[in-house]
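Trainee: Before accepting the terms used for a structure, I should like to see how each one is justified. May we go through them together?

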Amino acid sequence: MLVDFERSILERGAVEAVPGARLAPGARRRRLISRAPARVRAWWMPRNTVAARNVETLMSRLTGPSPLVLVIGGAEIGNGTDALYSGAPAVIGFDIYGTALTHFIADAHQIPFRSGAVDAVVVQAVLEHVLDPERVVREIHRVLKPGGLVYAETPFLQQVHAGPYDFTRYTASGHRWLFRAFEEITAGPVAGPGTQMLWSVDHLTRGLLRSGLAGRLARAVFLWLRRLDRLVPAPYASDGASACFFLGVRAERELTPREIRQYYPGAQRIAGSG
Ligand SMILES: C[S@@+](CC[C@H](N)C(=O)[O-])C[C@H]1O[C@@H](n2cnc3c(N)ncnc32)[C@H](O)[C@@H]1O
């Protein structure tokens with residue numbers, strides 16, 4: 001356990017009291033889904049093909065004899081990232097709780113690695129759960145070798161999903177600015193407005209009926225909404241995305257405010273903004 005408890009949101013007592021358990025809500029449901037037959041899992045949570053494609057690109061760009069990939073929030077295999085675990089490259093994972101996949105417990109605000117130690121960092125669905133994402137991204141930049149790669153997925157229009165451990169959301173431009181000290185390889189929506197609508201149906205139902213179970217039942221009935229994502233062109237998907245991704249290379253300069261204004265990839269271009 002490599003946590004500086006004096007400077008971390010984590011409490012020693014809580015981490016030690018629940019070894020191997022998740023500190024945030026939703027653990028039981030996630031375990032149930034992970035144990036369900038493959039067809040049920042695929043129906044409830046289809047494969048994240050965006051992540052799969054991006055992880056493939058990341059792996060194809062790794063160079064050197066024995067590249068090292070660091071997975072932050074790596075207690076579970078993220079949807080679509082399974083190729084990372086095929087044996088090469090070497091993968092080190094950490095999280096705020098331990099599982100068979102974690103090599104140590106740590107807080108991403110203080111990654112216990114020397115500077116320039118890793119070739120790539122994967123941080124999928126984690127930055128919304130940290131108190132200070134800017135600081136975590138600075139840490140990612142620090143531990144990467146020059147030319148090192150980062151792959152991030154972060155929610156934009158999603159409801160709270162880990163109770164007290166859910167803090168932040170990003171538009172496509174906001175996400176790009178968060179990674180302003182990186183050069184972009186590719187970025188975009190992970191899932192579009194159909195998926196976002198599905199989340200809203202779930203949360204509207206649970207609010208009206210004061211029941212998480214009712215929300216999940218409504219979600220099951222409206223799962224088809226996700227399919228509408230395919231019909232939405234990229235700029236509109238970007239403005240209404242459920243989550244966005246960024247795949248980039250560690251850079252030695254930062255994007256400027258002018259560049260981020262020109263960057264906006266959505267459907268609401270304003271005359272004179274470029
Ligand atoms: C929504 S889960 C995503 C897990 C996995 N990456 C995936 O995509 O399925 C968020 C993960 O981030 C971890 N996490 C939250 N705060 C963290 C922190 N400060 N440092 C490291 N991991 C953290 C949580 O424990 C949890 O495993």
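Mentor: We shall take the ligand and then the sheet, bearing in mind that this is a predicted model.

Trainee: What makes aspartate 95 a polar contact of the ligand?

Mentor: A polar contact requires a pair of N or O atoms within 3.5 Å. An N or O atom in the side chain of aspartate 95 is 2.5 Å from an oxygen atom of the ligand, so the pair meets the cut-off.

Trainee: How do you know that the backbone of glycine 73 and of alanine 108 also qualifies?

Mentor: A backbone N or O atom lies 3.1 Å from a ligand nitrogen in glycine 73 and 2.9 Å from a ligand nitrogen in alanine 108. Both values are within 3.5 Å, so both pairs are polar contacts. The protein covers 91% of the 590 Å² of accessible area that the ligand has on its own.

Trainee: Which classes of residue form the shell around the ligand?

Mentor: The shell divides into 8 nonpolar, 4 polar and 3 charged residues.

Trainee: Why are strands E1 and E2 called paired?

Mentor: Pairing needs at least two bridges. Strand E1 (residues 68-72) and strand E2 (residues 90-95) run parallel and are joined by 5 bridges, so they pair. Valine 71, for instance, has glycine 93 in E2 as its bridge partner.

Trainee: Why do E3 and E6 stand at the edges of the sheet?

Mentor: The open sheet has 7 strands in the order E3-E2-E1-E4-E5-E7-E6, with mixed pairing. E3 (104-105) and E6 (182-191) each have a single partner strand, so one side of each is left without a neighbour in the sheet.

Methods. Residues numbered from 1 in each chain as written. Predicted model: local features only at pLDDT ≥ 70, side-chain atom pairs only at ≥ 80, totals over all residues. Heavy atoms only, no water. Polar contact = N/O pair within 3.5 Å; in protein donor to acceptor, adjacent residues only side chain to side chain. Areas by Shrake-Rupley, 256 points an atom, 1.4 Å probe, with all protein chains shown as cover. Nonpolar A, V, L, I, M, F, W, Y, C, P; charged D, E, K, R; others polar. Helix = DSSP H or I, 4+ residues; strand = E, 2+ residues; numbered from the N terminus.
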